[in-house]
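Colleague: Could you take a close look at one residue with me, and then work outwards through the parts of the fold around it? I'd like one connected account that I can follow in the viewer.

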Amino acid sequence: MDLTSKYFNGHTWRYVDHSSGLAPMQSFAFDDTFSESVGKDLSPNVVRTWVHQHTVILGIHDSRLPHLQDGIRYLTDTRGYNAIVRNSGGLGVVLDQGVLNISLMFKGKTETSIDEAFTVMYLLISKMFEDENVDIDTHEIQHSYCPGKFDLSINNKKFAGISQRRVRGGIAVQIYLCVEGSGSERAELMRAFYEHALHGEKTKFTYPSIEPECMASLEELLGHSLTVQEVMFKLLYAIKDLGGTLNMDPITSFEWERYEGYYERMLARNAKMNAKME
């Protein structure tokens, strides 16, 4: 099936700009809220941009690290980063002012495969950067942080990772794009986090053995300066180029109500992690 026709051409996308002013846990609650709205036909497809400062977003497996407390103490006390646990798949990733997160929310249940949902995001990112004359590959960059088969890379250097979550008939596909700054410095932060959180202990789950040089930012890979703001414009133009239309419908009273519940769940999930560490 032609995914451009299925998801973009002739389809409306509701744009929500959360690139400032939110706490990270709010972002994950909003994605669940919009997934439910789309799943219940209360909203068209949603595209949401979000940026958070100095935060490491941990995955569920990270919350089970044997010396998690030491890892988080390193992030917070030594490096000045907050740490939270998210509700979607994958492992720890670094967010800061140079990292743009994009979430796509669209309708889908079991008939939409995991790979198809990931490919929708890949299609959009490829469109955003088609004028750069580079090949964006999708395969696992084994020694990156949060490795997965839909890692995005240029010349084997990873600049983005994708996760997804399904809620009440809606799918949220989330990507972080390392746009500005040093990709290897972010990778070094995560390498040191795992070192502190593992202390060399063997675990049933295999955590990534991170080699910082296998990660880079888009401005490093493209060889010219690039800002998060510029990439946000590329995103909106790409949706239009693929045949989609955009609106900026406000958040409804139903969505605010549902958001409160999803936010409470994020708070409870993170309270559990914090209780483990005390």
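**Around Arg 186 and helix H5**

Modeller: Happy to. With a relative accessibility of 6%, Arg 186 counts as buried, since the cut-off for that label is under 20%. Please keep in mind that this is a predicted model. The residue sits in helix H5, which runs over residues 183-198.

What does a buried arginine pair with here? The side chain of Arg 186 meets that of Asp 96 in a salt bridge, at 2.8 Å from N to O. Arg 186 belongs to helix H5, while Asp 96 is in the loop between E5 and strand E6 (99-107), so this pair ties together parts that are 90 residues apart in sequence. Asp 96 is buried as well. As a reminder, side chains of opposite charge can pair when their charged atoms come close.

Asp 96 is one of several contacts. Setting aside neighbours within four places in sequence, Arg 186 also touches Val 94, Gly 98, Val 99, Tyr 145, Cys 178, Glu 180, Gly 181 and Ser 217. For a sense of scale, its C-alpha atom is 17 Å from that of Ile 154, a residue 32 places away along the chain. Val 99, one of the contacts of Arg 186, leads into the nonpolar interior: it is in a separate, second core of 40 residues that also includes Leu 65, Ala 187 and Phe 193.

Further along helix H5 you come to Tyr 194. This tyrosine is buried, with a relative accessible area of 3%. Beyond its neighbours up to four places away in sequence, Tyr 194 touches Asp 62, Leu 65, Leu 91, Gly 92, His 199, Tyr 207, Pro 208 and Ile 210. Leu 65 links back to the second core, where it is a member. Some of the other contacts come from the chain after the helix, and there you can also check the spacing between Tyr 194 and Ser 209: they are 15 residues apart along the chain, with 8.5 Å between their C-alpha atoms.

Tyr 207 and Pro 208 turn up again at the second largest pocket, where they are among the residues nearest the centre, together with Leu 198, Gly 200 and Glu 201. This pocket holds about 280 Å³ of space and is lined by 15 residues. They divide into 6 nonpolar, 5 polar and 4 charged.

His 199, another contact of Tyr 194, is worth a stop. It lies in the loop between H5 and helix H6 (218-222). With a relative accessible area of 48%, His 199 is partly exposed. Its phi is near 50°, a positive value in a residue that is not glycine. Most residues other than glycine have a negative phi, and most peptide bonds are trans. Asn 155 has a positive phi too, near 55°. You will find Asn 155 in the loop between strand E8 (152-154) and E9, and at 67% relative accessibility it counts as exposed.

Strand E9 takes us on to the largest pocket, with a volume of about 360 Å³. Arg 86, Gly 89, Gly 90, Ile 162 and Ser 163 are the closest to its centre, out of 25 lining residues. Strand E5 (93-95), helix H4 (114-128), strand E9 (157-167) and strand E10 (170-178) each give two or more residues to the lining, and E9 gives the most, with 4. By type, the lining has 14 nonpolar, 8 polar and 3 charged residues.

To set the Arg 186 pair in context, the structure holds 16 salt bridges. Another one joins Glu 255 and Arg 14, also at 2.8 Å from N to O. It links distant parts of the chain, 241 residues apart: Glu 255 in helix H8 (residues 253-277) and Arg 14 in strand E1 (residues 12-18). Both of these partners are buried. Lys 127 and Glu 130 form a further salt bridge, at 3.2 Å from N to O, and here Lys 127 counts as partly exposed, with 23% relative accessibility. Glu 36, Lys 40, Arg 168 and Arg 258 are joined into one network by salt bridges that share partners.

Technical notes
Residues numbered from 1 in each chain as written. Predicted model: local features only at pLDDT ≥ 70, side-chain atom pairs only at ≥ 80, totals over all residues. Heavy atoms only, no water. 1 Å grid on protein atoms, 1.4 Å probe; cavity = no way out; pocket = protein on both sides within 12 Å on 5 of 7 lines; lining within 4 Å. Points joined across faces, edges and corners; volume = space filled by probe spheres on them. Nonpolar A, V, L, I, M, F, W, Y, C, P; charged D, E, K, R; others polar. Core = buried A, V, L, I, M, F, W, Y, C linked by side-chain atoms within 4.5 Å. Buried < 20%, exposed > 50% of the residue type's maximum accessible area, 1.4 Å probe, protein only. Contact = heavy atoms within 4.5 Å. Salt bridge = Lys/Arg side-chain N within 4 Å of Asp/Glu carboxyl O.
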